[in-house]
Amino acid sequence: MRELLDDLDRWRATGKRYVVGRVVGIEGSGPRDPGAAMAVNEDGEVIGSVSGGCVEGAVVAEALEMMRTNAAAKVVTFGYSDDEAFAVGLTCGGTIHVFMHEIAASPFDVFAQRVRADQPTALAVVIDGPRTGATMLIAPNPPAHHPAVVGTLGNAELDRVAARDALGELEAGRTGVRHYGPQGQTTPEDLADSPVVRVFVESFAPPPHMVIFGAVDFTSALARVAKVLGYRVTVCDARQVFATARRFPMADEVLVAWPDELFTKHGASLGTRDAVCILTHDPKFDVPAIQGALATNVGYIGVMGSRKTHAKRLERLAEVGLHGDALARVMSPIGLDVGARTPEETAISICGEIIARRTGRTARSLSSTSGSIH
C-alpha cells in the first residue's frame, strides 16, 4: 500500500473509482507476503503486484467486474499450477488469498498522511463476516496511553479488542489475520454459537533502528549490511575526528556524542525490532552504552570483544550495579559462531544473530560457546 499512495491520490483527484487487492493469506509457496497490494481503476490502469505476474490478469478482471456490478468486498482465491509457479520462480504450486475492496476516503486520508510521515500505523479490515470491508485505522497515542482510532469495524467492543491486538502486531511489525466473534470475542468457547469475524491487520511501521557505538572499520561494514536489511542506522562516537558523515556515508545519522546523550535522544523510541551494537572496546564508552541500552526496550544488545575483554567488562559492570540476570540480554562476544574474520564477515555474523534472536530460531551464538571466536 505504501508504494501505491501517489497513484491512488492521482486517481482520487480525478474522481476515478478503483479497487485495491491485498494478499491476506498464502498456502504453500507464494511470491509475495501478506500485505502485498495492487490496485485497478475503472479504466483498467494497474499499479502494484500481488503475485509477481501469474495471477495479476485474473485480479484485474475481478476488480473491473466488481466495479461494473457494484459488488461487495470479498476474498478471492487463486491457485498456482506447478507450471505457473515455475514461471515466477517458485519450487511448487501454492494458493494465494486476495482481499478486494474499494477503500473509503476515511480512514484512507489519515492513513496516507501518517505513512508518508513515517509514523507507525495499523489498518484493520473485516475480510469475512458482518460488515465485510469495514476498515479501522489504529495509531499509537503515547500521551493518552490508548490508541487513536479512525473508523469502525461495526461494533464498539470488537473495535476495542481489535485495536488492542493491532497495537501488539504493530509493535512486532507483523501483518496477518485475527479471528473474533461479532462482539470481539476472542476464545473458542465464546465463538461456539457466533459467526467468526476474520480481521486482516496490516502493520505499517517505520524501519527498525540500529544504533552502532564506535566509529571503527567494523562499523562501516555493519552499517552497510544493516542498510541492506532495511535498518535505519545511527553511528555514535564521542571522537569528532572519527565520527563523520564522510567516513560513514551509508549511515542515516552520525552523532558526535556520549552514550547518555544518544539515549536521551533515541532511547524512548527503541523497541523490540531495534538493535544496539557496541563496538568500542573502551570502558569509558561501552559500560555506559550497555547501561543505557538495558534501560530501553531494545530487542538486541550486542557487544564486541574477546572473552577476556568481556570478563573484564563484567567486572566494571558489576561495579555500577549490573550483574547476573540484569545482563541476560547482552550478547558478548557479539555475533554467530561462523568463524568470521573480516569486518564484512563479522557484520554478517552480527546481523545473523539479530535475525535469529528476533525469530526465535536456534543458532550458535559466540556468547554461548567457548574457545576462539575466530
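**Strands, a sheet and a helix pair in the predicted model**

Strands β2 and β3 (residues 46–48) run antiparallel and are joined by three bridges. This is a predicted model, and the hairpin makes a handy way in. Within the pairing, Ala-39 has Ile-47 of β3 as its bridge partner. Four residues lie between the two strands of the hairpin, where Gly-44 takes a positive phi near 90°.

On to the other partner of β2. Strand β1 (residues 18–28) also runs antiparallel to β2, this time with five bridges. Here Tyr-18 sits opposite Asn-41 of β2. As for how much of β2 (residues 37–41) is covered, five of its five residues turn out to be buried. Neither face is left open: Ala-37, Ala-39 and Asn-41 are buried on one side, and Met-38 and Val-40 are buried on the other.

Further along the chain there is an open sheet of six strands, paired in parallel and ordered β13-β12-β11-β14-β15-β16. The edges belong to β13 (253–256) and β16 (330–331); each has a single partner strand, so one side of each lacks a neighbour in the sheet. Inside that order, β11 (residues 209–213) and β14 (residues 275–278) pair in the parallel sense through four bridges, with Met-210 standing opposite Ala-275 of β14. Helix α10 (residues 343–359) packs on this sheet and touches β11, β14, β15 (300–303) and β16. The direction of α10 makes about 150° with that of β15.

Then there is a helix pair, α1 (residues 5–13) and α4 (residues 105–116). Their axes come within 11 Å and cross at roughly 140°. An angle over 145° would count as roughly antiparallel; α1 and α4 are therefore oblique to each other. The crossing of α1 and α4 is left-handed. On the α1 side, the contact involves Leu-5, Asp-6, Leu-8, Asp-9 and Arg-12. These meet a set of α4 residues that includes Phe-108, Phe-111 and Val-115, along with Asp-109 and Arg-116. Sorted by class, the contact has seven nonpolar and five charged residues, and no polar ones.

Last comes a glycine in a loop. Gly-154 is found between β8 (148–151) and α5 (156–172). The relative accessibility of Gly-154 is 43%, so this residue counts as partly exposed. Leaving aside residues up to four places away in sequence, Gly-154 touches Arg-131 and Asp-159. Lys-74 is 80 residues from Gly-154 along the chain, and the C-alpha atoms of the two are separated by 17 Å.

Conventions
Residues numbered from 1 in each chain as written. Predicted model: local features only at pLDDT ≥ 70, side-chain atom pairs only at ≥ 80, totals over all residues. Heavy atoms only, no water. Axes fitted to C-alpha atoms, helices over the stretch in contact; angles between N-to-C directions. Parallel < 35°, antiparallel > 145°, perpendicular 65-115°, else oblique. Left-handed = near helix turned anticlockwise from the far one by under 90°. Contact = heavy atoms within 4.5 Å. Nonpolar A, V, L, I, M, F, W, Y, C, P; charged D, E, K, R; others polar. Pairing = 2+ DSSP bridges. Buried < 20%, exposed > 50% of the residue type's maximum accessible area, 1.4 Å probe, protein only.
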